[in-house]
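Okay, thanks for coming, everyone. I'll put today's protein up on the screen and then walk you through it.

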Amino acid sequence: MYYQVDRDDSSDFFEYTPTEGEKELVIAMMEELCQKEDGCSMKELYEKYDGDMTMGGM
């Protein structure tokens, strides 16, 4: 998992490995957002795009 720190004059990316509990929380939050915004699970959203999904900015 990557995160970005923005400063007035620069931006830096760092890698972070979440604990198992943090991983489960992130997955649950992503599932909730998929249901709220698209009315489907993450798996269904992924399949909707034929598995061709990338994260912007990375």
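**Starting at the N terminus**

Let me begin right at the front end: M1 is partly exposed, at 45% relative accessibility. M1 sits in the segment before β1. Before I go any further, do keep in mind that what you're looking at is a predicted model.

So, where does M1 show up again? M1 is part of a nonpolar surface patch, together with Y3, F14 and Y16. That patch comes to about 380 Å².

Let's stay with F14 for a moment, since F14 belongs to that patch as well. F14 lies in strand β2, which covers residues 11-15. Is F14 buried, exposed or partly exposed? At 33% relative accessibility, F14 falls in the partly exposed class. And what does F14 touch, if we skip residues up to four places away in sequence? Those contacts are M1, Y2, Y3 and V5. Take the M1 one: F14 and M1 are 13 residues apart along the chain, and their C-alpha atoms are 8.5 Å apart.

**The overall layout**

Okay, zooming out. The protein has 2 helices and 2 strands. Reading from the N terminus, the order is β-β-α-α. There are 58 residues, and 7% of them count as buried. On the surface side, the protein exposes about 5,300 Å², with carbon and sulfur atoms supplying 53% of that. And if you take contacts between residues at least 6 apart in sequence, 12% of those join residues at least 24 apart.

**The two strands**

Back to the strands. How do β1 and β2 pair? They run antiparallel, with 5 bridges between them, and β1 spans residues 2-6. The connection from β1 to β2 is a hairpin, through 4 residues. If you want to follow the register on the screen, Y2 stands opposite E15 in β2. Then go along to D6, whose bridge partner in β2 is S11. As a general reminder, side chains in a regular strand alternate between the two faces of the sheet.

**Salt bridges**

Next, charges. Side chains of opposite charge can pair when their charged atoms come close. How many salt bridges does a search of the whole structure find? The count is 2.

One of them is R7 with D12, side chain to side chain, at 2.5 Å from N to O. R7 is partly exposed, with a relative accessible area of 42%. D12 is partly exposed too, at 31%.

Then there's E47 with K43, at 3.3 Å from N to O. These two sit in helix α2, and because they are 4 residues apart there, about one helical turn separates them. For E47, the relative accessibility is 44%, so that residue counts as partly exposed. K43 is exposed, with a relative accessible area of 58%.

**The two cysteines**

Now, somebody is bound to ask about disulfides. A search of the whole structure finds 0 of them. Why is there no bond from C34 to C40? The closest cysteine sulfur to that of C34 is the one in C40, and it is 5.9 Å away, so the pair is too far apart for a bond. For reference, the cut-off for a disulfide here is 2.5 Å between the sulfurs. From the other side, the story matches: C40 has its closest cysteine sulfur in C34, at 5.9 Å.

How about accessibility for these cysteines? C34 is buried, with a relative accessible area of 10%. C40 is buried as well, and its relative accessible area is 10%.

**And the loop residue**

Last stop, S41. Where is S41? It's in the loop between α1, residues 20-38, and α2, residues 42-48. Buried or exposed? S41 is buried, because its relative accessible area is 17%, and the line for buried is under 20%. Leaving out residues up to four places away in sequence, S41 touches E31, C34 and Q35. So C34 comes up again here, as a contact of S41, and C34 is itself buried.

**Wrapping up**

To recap, then: we have an antiparallel pair of strands, β1 and β2, with 5 bridges. There's a nonpolar surface patch made by M1, Y3, F14 and Y16. There are 2 salt bridges and 0 disulfides. And all of that is from a predicted model. Okay, that's me done, and I'm happy to go back to any of these on the screen.

Note on methods:
Residues are numbered from 1 along each chain as its sequence is written. This is a predicted model: local features need pLDDT of at least 70, side-chain atom pairs count only at pLDDT 80 or more; totals for chains, interfaces and linings use all residues. Side-chain values use heavy atoms; hydrogens and water are left out. Buried means under 20% relative accessible area, exposed over 50%, partly exposed in between (1.4 Å probe, protein chains only). Contact means heavy atoms within 4.5 Å. Two strands pair if DSSP finds at least two bridges between them. Patches are made of residues with over 30% relative accessible area and no salt bridge: like charges are joined within 9 Å, nonpolar side chains (Val, Leu, Ile, Met, Phe, Trp, Tyr) within 5 Å. Accessible areas come from the Shrake-Rupley method with a 1.4 Å probe; for residues, only the protein chains shown count as cover. A salt bridge is a side-chain nitrogen of Lys or Arg within 4 Å of a carboxyl oxygen of Asp or Glu.
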